[in-house]
Amino acid sequence: MTNPFANLPRDSRDTLFLLAVIAWVLLPHAAHLPWWCSAMAAGMLLWRGWLAFTLRPLPGRWWLLAALVLTVGATWLTHRTLLGRDAGVTLIVVLLALKTLELRARRDAFVVFFLGFFTMLTNFFYSQSLPTAAAMLLGLMGLLTALVNSHMPAGRPSLWQSARMATRMTLLGAPIMVLLFLLFPRLSPLWGTPGDALSGRSGLSQRMQVGNIASLALDDSVALRLRFEDGTPPPLQGTLYFRGPVLSTFDGREWAPLQASFPPSMQPRADLQVRGVPLRYEVTLEPHNRPWLLMLEATAVAPELPGDLVARMSEELQWRASAPVNDLLRYRAQSHTEFRHGPQRMLASLQDYTSLPRGFNPRTLQWAMELSRETGNDPVALINRVLNHLRTGGYTYTLEPGEYGQHTADEFWFDRKLGFCEHMASAFVVVMRAAGIPARIVTGYQGGERNVVDNFWVVRQSDAHAWTEVWLAGQGWLRVDPTAAVSPGRIGSLQRLVAPRGAVATAVGNVISPTFVQNVRAVWEAVNNAWNQRVLNYTQSRQLNLLRTLGFEAPSWEDLGLLLLGALVTASLGGALWTRWERRRQDPWLRLLERVRWQLERAGQPLGAAVTPREMAARLAQMHDPKDNRVQAIQAWLQRYEQLRYAPRRGRGSSSDLAALRRELKELSWPT
């Protein structure tokens with residue numbers, strides 16, 4: 001079978017290769033840019049490829065101008081602005097594709113190259129993951145190969161030859177890249193990505209509608225990683241509660257943060273009291289575009305945050321940072337699994353935690369009053385009665401309880417008896433409040449799994465959980481997890497619910513060992529974690545720690561700059577010395593003859609690398625007037641060079657003879 005690309009002219013072949021590289025660079029943008037932008041860029045690249053393959057002329061400038069106006073107008077209609085991250089990247093993607101349609105001269109190619117480099121960097125505005133970095137490294141090698149190939153105008157060099165040279169250039173520049181990564185000062189806001197880069201992140205919400213946490217259970221992405229310090233006792237899986245937003249106001253369908261009816265001075269305080277040995281650990285929190293700091297219950301001491309971030313704890317024990325977490329955040333904390341908090345005696349403001357909307361869940365309210373009478377208004381007995389009812393009443397923990405109507409608690413307790421953690425927590429709090437017991441919902445994450453490869457605990461979005469807190473006189477707020485009554489394995493042994501698998505997934509699961517899949521997943525997540533820890537989370541504080549290990553007592557960013565400058569100067573001097581050493585390795589006589597060959601080629605005399613001085617003199621006489629004094633002087637110099645180099649009187653050309661030839665060469669005049 002004949003190769004249809006083998007007989008293409010070199011310009012067409014190089015253009016098709018460049019278009020393929022540009023398509024690879026633009027491909028990740030298809031996931032987050034407008035559909036018309038991706039379609040327009042793909043259409044332009046395909047059109048340009050067809051023109052190159054069929055050797056047809058490029059479109060006129062009016063076509064390009066019309067496409068440009070259409071792009072600007074569509075960008076404005078989509079984003080309502082031409083500035084900002086999304087609008088700017090949309091314009092860049094289309095303009096890069098549009099520029100390929102006027103790829104006529106070498107100058108146009110250089111514009112495409114460097115616009116491609118810039119577009120490649122914009123992918124990191126949306127994702128800084130390891131797969132994105134690997135894909136862009138491949139795109140970088142492709143663009144460098146095309147750039148090297150464009151500097152080989154003669155002949156038809158193979159792309160493999162250009163790729164090898166591009167690889168060599170990359171390897172030579174890698175030490176400088178590593179040096180800049182380690183020492184270039186990370187000064188905000190010059191360092192980092194735009195703050196809106198993570199607006200689409202999934203995770204916990206400030207509000208909880210009955211049924212929305214079940215959707216998170218299908219998301220297997222990582223929410224946070226933590227590593228317990230050496231010497232810290234391993235926690236029990238049932239105690240791994242990571243506290244998030246606390247929800248106390250209910251409108252019948254949705255839970256929201258407390259809308260207090262009392263002034264702040266009358267609201268209950270945290271009054272956190274911890275006991276026992278603390279768990280010391282380090283958290284790597286994935287970006288979620290909110291200020292929440294997820295930590296184990298309960299944390300009495302503020303975590304150690306990097307940079308200028310400040311952590312504050314609310315009266316509901318939720319920790320918040322002074323800015324949204326828009327980048328990978330690593331911090332140290334210590335928590336206690338044994339604690340108590342909240343007021344010890346009844347306060348008027350606790351009435352906010354007993355309020356319920358009118359007209360909702362009448363059967364649950366009636367049942368709660370009956371339970372209260374049967375238990376003699378004993379809150380502990382009532383709590384145990386409801387939990388026992390959950391254990392023995394035929395309730396099922398499921399991801400697919402169906403869509404609930406207006407009376408969510410009634411449907412759960414008396415009709416469906418199906419639910420996920422938020423159904424159970426919401427229904428439980430409604431019963432407690434109907435019985436006059438202050439109660440609220442806490443959302444966050446529960447559990448996690450230990451990666452045996454890197455010894456990090458991984459908490460996923462699928463570990464999202466909702467539990468409750470009830471207030472008891474003399475004890476304060478107590479955690480009560482209704483899900484543990486229905487499904488003890490969810491809390492104690494971290495048995496997660498999974499969505500039903502399709503036919504293809506079932507077939508693959510029957511062929512591939514689950515243990516093998518789990519091991520591969522553990523290795524991949526360990527690699528990703530190493531990327532996050534060592535690359536994405538290489539902050540200014542870690543830079544300063546590096547300086548401390550190098551002997552700086554009180555390092556600052558000025559020290560980083562001076563150290564970087566010194567390292568670059570040292571590297572430059574090393575490169576200069578290496579170049580000088582390389583020159584000395586070459587025979588100085590041959591280097592001098594090479595200068596003559598270069599001068600003759602400038603004068604229009606093409607010569608090969610193996611041409612002798614005598615052949616140079618003969619060809620010079622053929623190309624120019626032999627009676628020309630300049631030609632005769634050059635011929636005499638070449639004859640003298642040959643005699644001193646190959647037949648000197650003293651047996652070997654001396655350094656004084658070489659110096660004399662150098663002086664004479666400077667005085668020669670070259671014909672044109």
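## Around helix α10, and beyond

Right after α10 comes Gly394, with a positive phi near 80 degrees. Keep in mind that this is a predicted model; with that said, let us walk back along the helix.

Helix α10 covers residues 379–392, 14 in number, and its first and last C-alpha atoms lie 20 Å apart, close to the 20 Å expected at 1.5 Å a residue. At its N-terminal end, Asp378 acts as the cap, with a side-chain oxygen 3.2 Å from the backbone nitrogen of Val380.

Which residues of α10 are buried? They are Leu382, Ile383, Val386, Leu387 and Leu390. Viewed down the axis of α10, the buried residues stay within an arc of 130 degrees, so they line one face of the helix. Arg391 and Thr392, on the other side of α10, are exposed.

Here are elements that help to cover the buried residues of α10:

| Element | Residues |
|---|---|
| α9 | 362–374 |
| α11 | 408–416 |
| α12 | 421–434 |
| β19 | 464–472 |
| β20 | 476–480 |
| α13 | 482–486 |

Now to the nonpolar cores. The largest has 40 residues, and Leu18, Ile22, Leu26, Met44 and Val93 have the most contacts inside it. Helices α1 to α6 each give two or more residues to this core, and α6 gives the most, with eight. Beyond its sequence neighbours within four places, Leu26 touches Ala41, Leu45, Val93, Leu96 and Thr119. Another core lies apart from this one, with 38 residues, including Leu247 and Val480.

Finally, an open antiparallel sheet has five strands in the order β12-β7-β2-β18-β17, with β12 and β17 at its edges. Within the sheet, β2 and β7 pair over five bridges, and Phe228 stands opposite Tyr281 in β7.

Technical notes:
Residues numbered from 1 in each chain as written. Predicted model: local features only at pLDDT ≥ 70, side-chain atom pairs only at ≥ 80, totals over all residues. Heavy atoms only, no water. Core = buried A, V, L, I, M, F, W, Y, C linked by side-chain atoms within 4.5 Å. Buried < 20%, exposed > 50% of the residue type's maximum accessible area, 1.4 Å probe, protein only. Helix = DSSP H or I, 4+ residues; strand = E, 2+ residues; numbered from the N terminus. Contact = heavy atoms within 4.5 Å. Pairing = 2+ DSSP bridges. Expected span 1.5 Å × (residues − 1). Arc of directions from axis to C-beta. Polar contact = N/O pair within 3.5 Å; in protein donor to acceptor, adjacent residues only side chain to side chain.
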